[in-house]
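This briefing is meant to be read beside the sequence and the coordinates. Please keep both in view while working through the points below, which are grouped by topic.

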Amino acid sequence: MEVYSSYHDADMTAFYERLTADLKLGRTVGSDFHGKIKPDIRLGSESCNGHENEIIEFLEDVIE
């Protein structure tokens with residue numbers, strides 16, 4: 001589930017963090033960068049609140 005997104009405010013992010021923890025779902029992050037059609041969003045600009053390693057491990061497990 002995309003927990004960390006440029007479209008989520010702090011309350012939404014906290015909600016999705018709790019939801020994914022409760023349901024044991026993997027978390028992902030996305031800046032929602034789409035080039036020229038969204039010029040105010042920088043590629044890779046979204047933070048994942050220090051959960052980089054958790055996200056990387058989840059994605060590695062998914063592709064195995």
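In this predicted model, Glu57, Glu60, Asp61 and Glu64 together form a negative patch on the surface. The protein contains 2 helices and 2 strands, and these elements follow the pattern β-α-β-α when read along the sequence. Of the 64 residues in the protein, 22% are buried.

**Surface patches**

- Asp61, one of the residues that make up the negative surface patch, has its place in helix α2, which covers residues 52-63.
- Asp61 is classed as exposed because its relative accessible area is 55%, where the cut-off for that class is over 50%.
- A nonpolar patch of about 270 Å² is also found on the surface, and its members are Met1, Leu23 and Leu25.
- Leu23, which contributes to this nonpolar patch, belongs to helix α1, a helix made of residues 10-23.
- With a relative accessible area of 52%, Leu23 is counted as exposed.

**The salt bridge**

- The structure holds 1 salt bridge, and this salt bridge is formed by Arg27 with Glu54, whose closest N and O atoms are 3.7 Å apart.
- Because Arg27 lies in the loop between α1 and β2 (28-30) while Glu54 lies in helix α2, the pair ties together parts that are 27 residues apart in sequence.
- The partners fall into separate accessibility classes: Arg27 is buried, with a relative accessible area of 10%, whereas Glu54 counts as partly exposed at 36%.

**The aromatic pair**

- A search of the whole structure finds 1 aromatic pair, in which the ring centres of Phe15 and Tyr16 are 5.3 Å apart and the ring planes stand at 65°, so the arrangement is edge-to-face.
- Phe15 has a relative accessibility of 42% and therefore counts as partly exposed.

**Buried positions in helix α1 and their spatial neighbours**

- Thr13 is found in helix α1, and a relative accessible area of 9% places Thr13 among the buried residues.
- Although Thr13 and Asn49 are 36 residues apart in sequence, their C-alpha atoms are 9.7 Å apart in space.
- Glu17 likewise has its place in helix α1, and at 19% relative accessibility Glu17 counts as buried, since the cut-off for that class is under 20%.
- Glu17 and Met1 are 16 residues apart in sequence, and the C-alpha to C-alpha distance between them is 9.5 Å; Met1 is also one of the residues in the nonpolar surface patch.

**A backbone point in the loop**

- Lys24 has a positive phi of about 55°, although Lys24 is not a glycine.
- As background to this point, most residues other than glycine have a negative phi.
- Lys24 lies in the loop between α1 and β2, which is also the loop that holds Arg27 of the salt bridge.
- Lys24 is exposed, with a relative accessible area of 74%, while Arg27 is buried at 10%.

Notes. Residues are numbered from 1 along each chain as its sequence is written. This is a predicted model: local features need pLDDT of at least 70, side-chain atom pairs count only at pLDDT 80 or more; totals for chains, interfaces and linings use all residues. Side-chain values use heavy atoms; hydrogens and water are left out. Patches are made of residues with over 30% relative accessible area and no salt bridge: like charges are joined within 9 Å, nonpolar side chains (Val, Leu, Ile, Met, Phe, Trp, Tyr) within 5 Å. Accessible areas come from the Shrake-Rupley method with a 1.4 Å probe; for residues, only the protein chains shown count as cover. A salt bridge is a side-chain nitrogen of Lys or Arg within 4 Å of a carboxyl oxygen of Asp or Glu. Lys and Arg count as positive and Asp and Glu as negative; His and the chain ends are not counted. The place of a charge is taken as NZ of Lys, CZ of Arg, CG of Asp or CD of Glu. Helices (H or I, at least four residues) and strands (E, at least two) are DSSP runs, numbered from the N terminus. Buried means under 20% relative accessible area, exposed over 50%, partly exposed in between (1.4 Å probe, protein chains only). Rings of Phe, Tyr and Trp (its six-membered ring) pair if their centres lie within 6.5 Å; planes under 30 degrees apart count as stacked, over 60 as edge-to-face and the rest as tilted.
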